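Welcome! Have the sequence and the 3D view ready, and try each exercise before you read its solution.

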Amino acid sequence: MGNSVKSHFSKKDRELRPEEMDELREAFKEFDKDHDGFIGCKDLGNCMRTMGYMPTEMELIELSQQINMNLGGHVDFEDFVELMGPKLLAETADMIGVKELRDAFKEFDTNGDGKISTSELREAMKKLLGQQVGHRDLEDILRDIDLNGDGHVDFEEFVRMMSR
């Protein structure tokens with residue numbers, strides 16, 4: 001961890017724990033789609049939601065202005081730690097992290113293909129609710145979650161569903 005990151009935290013703030021750094025690194029990697037070491041402005045909002053934060057439009061606008069002015073429109077891992085570190089330190093115990101979301105996603109995605117099908121969703125709902133969910137209800141749920149309309153729920157859609 002570079003000195004520039006440390007100097008941003010005042011003395012009374014504790015350092016990020018190794019597992020918190022891992023969570024940040026994991027989230028960063030997830031959204032660094034082209035593996036160039038940077039996240040674009042528009043992905044930052046999704047990344048924050050993945051980590052359990054609900055940034056308002058205003059926060060995102062301010063953040064992207066800050067990023068565009070100071071960081072050339074994208075964020076490297078160290079910038080990301082500076083932006084998200086304080087949020088992580090302030091986060092409440094009941095927020096869900098990336099690892100927990102991933103584990104939950106795997107529970108739903110029984111065949112491990114990286115997406116949740118209608119039948120997998122039906123099974124999961126049955127387990128959760130202890131009863132069968134009607135076909136129409138299931139269709140409504142899926143339509144609500146399935147943003148790209150491919151008939152499956154991918155990890156990003158799952159995260160959005162879980163963070164509502």
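## Getting your bearings

Starting at the N terminus, the elements of the protein follow the order α-α-β-α-α-β-α-α-β-α-α-β-α. Here helices (H or I, at least four residues) and strands (E, at least two) are DSSP runs, numbered from the N terminus. This is a predicted model, in which local features need pLDDT of at least 70 and side-chain atom pairs count only at pLDDT 80 or more, while totals for chains, interfaces and linings use all residues. Residues are numbered from 1 along each chain as its sequence is written, and side-chain values use heavy atoms, with hydrogens and water left out.

## Exercise 1: the whole protein

Find how many helices and strands the protein has, and what share of its residues is buried.

Solution.
- Step 1: The secondary structure comes to nine helices and four strands.
- Step 2: Use the cut-offs: buried means under 20% relative accessible area, exposed over 50%, and partly exposed in between (1.4 Å probe, protein chains only).
- Step 3: Of the 164 residues in the protein, 36% are buried.
- Step 4: Now turn to contacts, meaning heavy atoms within 4.5 Å. Among contacts with a separation of 6 or more, 60% are between residues 24 or more positions apart.

## Exercise 2: the two sides of a helix

Work out which residues of helix α8 are buried and where they sit around the axis.

Solution.
- Step 1: Helix α8 spans residues 135-145, and its buried residues are L138, L142 and I145.
- Step 2: These residues lie on the same side of α8, because they cover an arc of only 70° around the axis. The arc is that of the directions from the helix axis to the C-beta atoms.
- Step 3: Look at the other side of α8, where R136 and R143 are exposed.
- Step 4: The cover over the buried residues of α8 includes α7 (118-129), β4 (153-154) and α9 (155-162).

## Exercise 3: a mostly covered helix

Decide how many residues of α3 are buried, and then find an exposed one.

Solution.
- Step 1: Helix α3 covers residues 41-50. Eight of its 10 residues are buried, so α3 is mostly covered.
- Step 2: The buried residues of α3 are D43, L44, G45, N46, C47, M48, R49 and T50.
- Step 3: K42 is also found in α3, but K42 is exposed, with a relative accessible area of 70%.
- Step 4: K42 and S64 are 22 residues apart in sequence, and their C-alpha atoms are 8.0 Å apart in space.
- Step 5: After α3 comes G52, which has a positive phi near 95°.

## Exercise 4: helices that pack

Describe how α2 packs on α3, how α3 packs on α9, and how α6 packs on α9.

Solution.
- Step 1: Two packed helices are described by the angle between their axes and the distance between the axes. Axes are lines fitted to C-alpha atoms, for helices over the stretch in contact, and angles run from 0 to 180 degrees between N-to-C directions.
- Step 2: Learn the classes: angles under 35 degrees count as roughly parallel, over 145 as roughly antiparallel, 65 to 115 as roughly perpendicular and the rest as oblique.
- Step 3: Helix α2 (residues 18-31) meets α3 at an angle of about 140°, with the axes 10 Å apart. That makes α2 oblique to α3. The contact is made by A27, F28 and F31 of α2 with D43, N46, C47 and T50 of α3.
- Step 4: α3 and α9 pack at about 60°, with their axes 9 Å apart. This angle makes α3 oblique to α9. Here N46, R49 and T50 in α3 meet F155, E156, V159 and R160 in α9.
- Step 5: Helix α6 (residues 98-108) and α9 pack at about 110°, and their axes are 11 Å apart. α6 and α9 are therefore roughly perpendicular to each other. L101, R102, A104, F105 and F108 in α6 meet F155, F158, V159 and M162 in α9.

## Exercise 5: a positive phi

Locate H35 and say whether H35 is buried or exposed.

Solution.
- Step 1: H35 lies in the loop between α2 and β1 (38-40).
- Step 2: H35 is exposed, with a relative accessible area of 66%.
- Step 3: Most residues other than glycine have a negative phi. H35 is not a glycine, yet its phi is positive, at about 55°.
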